[in-house]
Amino acid sequence: MNILLLGSGGREHAIAASIAKSTQCDKLYIAPGNAGTTACGTNVDLKADDFKGIGKFVLDNDIKMVVVGPEAPLVGGIADYFADDEHLKSVAVIGPMAKGAQLEGSKDFAKQFMQRHEIPTAAYKTFTKETLKEGQKFLSTLKAPYVLKADGLAAGKGVLIIDNLKEAKQALKEMLAEAKFGDASSRVVIEQYLSGIELSVFVLTDGKHYKILPSAKDYKRIGEGDTGLNTGGMGSVSPVGFADKVFMQKVEHEIVMPTVKGLQKEGINYKGFIFLGLMAVRGDDGALNPYVIEYNVRMGDPETESVFPRIKSDIVELFQACWDGTLNQCTLDIDERVAACVMLTAEGYPESYRKGDVISGLDEVKESLVFHAGTKLNKVNDLTTNGGRVLCVTTLSDSLPSALLKSLQAAENIKWKGRYYRHDIGQDLLKMSIEQ
């Protein structure tokens with residue numbers, strides 16, 4: 001079949017690489033894609049939120065499946081657009097309809113959903129501009145640090161964790177009264193701070209059945225030792241060592257099953273990924289317990305770049321079963337090796353950064369995969385930087401130290417002016433495994 005993948009980042013390149021291997025895929029189109037995705041299929045000059053243009057392209061090119069990479073088109077209702085169109089409704093859209101996408105599109109909706117279905121999460125309250133003073137009083141009842149979350153999509157920047165009460169109250173005012181994050185912060189969720197270790201768990205569901213994909217841990221801070229500004233992600237590791245069989249059984253029974261059943265109970269037709277942003281919190285008995293920090297309704301980035309290379313099953317067969325409602329009939333085959341990915345970024349990222357620098361050294365990378373996140377070919381066909389996060393190097397190996405070492409060696413071979421990457425991805429997990 002012909003397949004269209006929406007998106008342009010490293011996540012989409014990793015997904016495209018898996019789709020391109022499928023025996024079920026005849027032609028793969030990526031809209032808009034990047035310089036790396038041209039090795040997997042044909043890039044199309046379409047924006048992921050141009051529903052009319054996408055619909056026309058799908059009909060003109062006999063597309064049978066649309067895989068949605070980023071969250072914005074899902075929250076915007078692309079699945080609904082296809083379902084409501086007589087000529088498009090038979091096309092398999094991998095991604096939830098707008099109502100289900102509110103799990104990511106609205107923090108308040110997600111928290112209420114978790115409360116209704118008794119899914120473990122931090123205590124919270126939601127405030128608006130009109131209840132700003134109540135919100136500031138509520139902050140005074142909490143212990144530092146203070147967690148403030150813009151209700152809507154804020155391009156990954158809408159979550160603030162602040163140690164000082166006065167600063168937290170000022171930040172709440174900026175979010176609600178001064179629209180710091182635009183409409184996204186017209187409502188703000190203030191929640192209890194959970195102390196623990198973060199990880200990501202990914203679920204593919206057809207609305208009734210599900211497959212739990214490999215766990216992963218990403219690294220958001222720009223600086224070594226998890227310091228500095230938050231980014232889109234500086235690297236990831238899969239699987240997560242502490243997420244053992246006992247912990248993952250808790251995740252499945254306390255979070256995954258109630259989430260899928262909750263969607264069914266509320267009449268939400270959900271076909272696609274559920275990203276569980278979790279905090280592993282140590283209980284009084286010493287055991288780790290999972291709490292949901294957030295839902296996302298698509299794969300994470302850069303977690304996809306370490307999770308998807310470990311999926312040995314035909315991804316298109318899984319997607320088709322997801323659409324058909326027969327996911328329970330599929331087998332999910334996972335590579336037992338460890339995947340470690342290191343993100344290479346442009347000078348200045350995550351603030352203003354350079355573009356257009358020529359990249360060299362990719363031909364020296366032999367044992368690792370390189371996924372393009374922000375690249376472009378210039379007029380003379382040189383590969384150049386075209387984003388803050390530029391390339392992602394992923395290595396599969398028998399151990400985490402080996403995978404990390406090989407990714408770092410490959411990263412060092414890739415050059416451009418101002419290229420930067422973290423050298424300590426995964427070191428916290430190595431330390432934990434030694435201490436245990």
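**Exercise 1.** Determine how strand S7 is joined to S8, and place this pair in its sheet.

*Solution.* Strand S7 (residues 146–150) and S8 run antiparallel and are joined by 4 bridges, where strands (E, at least two residues) are DSSP runs numbered from the N terminus, and two strands pair if DSSP finds at least two bridges between them. This is a predicted model, in which local features need pLDDT of at least 70, side-chain atom pairs count only at pLDDT 80 or more, and totals for chains, interfaces and linings use all residues. Residues are numbered from 1 along each chain as its sequence is written, and side-chain values use heavy atoms, with hydrogens and water left out. Next, Tyr146 stands opposite Ile162 in S8. The open sheet has 4 strands in the order S6-S9-S7-S8, with antiparallel pairing. Strand S6 (124–128) and strand S8 (159–162) are at the edges with a single partner strand each, so each has one side without a neighbour in the sheet.

**Exercise 2.** Is Thr231 buried or exposed, and which polar atoms does its side chain reach?

*Solution.* Begin with the location: Thr231 is found in the loop between strand S14 (227–230) and strand S15 (235–238). Thr231 counts as buried because its relative accessibility is 9%, the definition being under 20% relative accessible area, with exposed over 50% and partly exposed in between (1.4 Å probe, protein chains only). Turning to the polar atoms, the side chain of Thr231 reaches the backbone oxygen of Lys220 at 2.7 Å, while a polar atom of that side chain lies 2.8 Å from the backbone nitrogen of Gly233.

Definitions and conventions: Polar contact = N/O pair within 3.5 Å; in protein donor to acceptor, adjacent residues only side chain to side chain.
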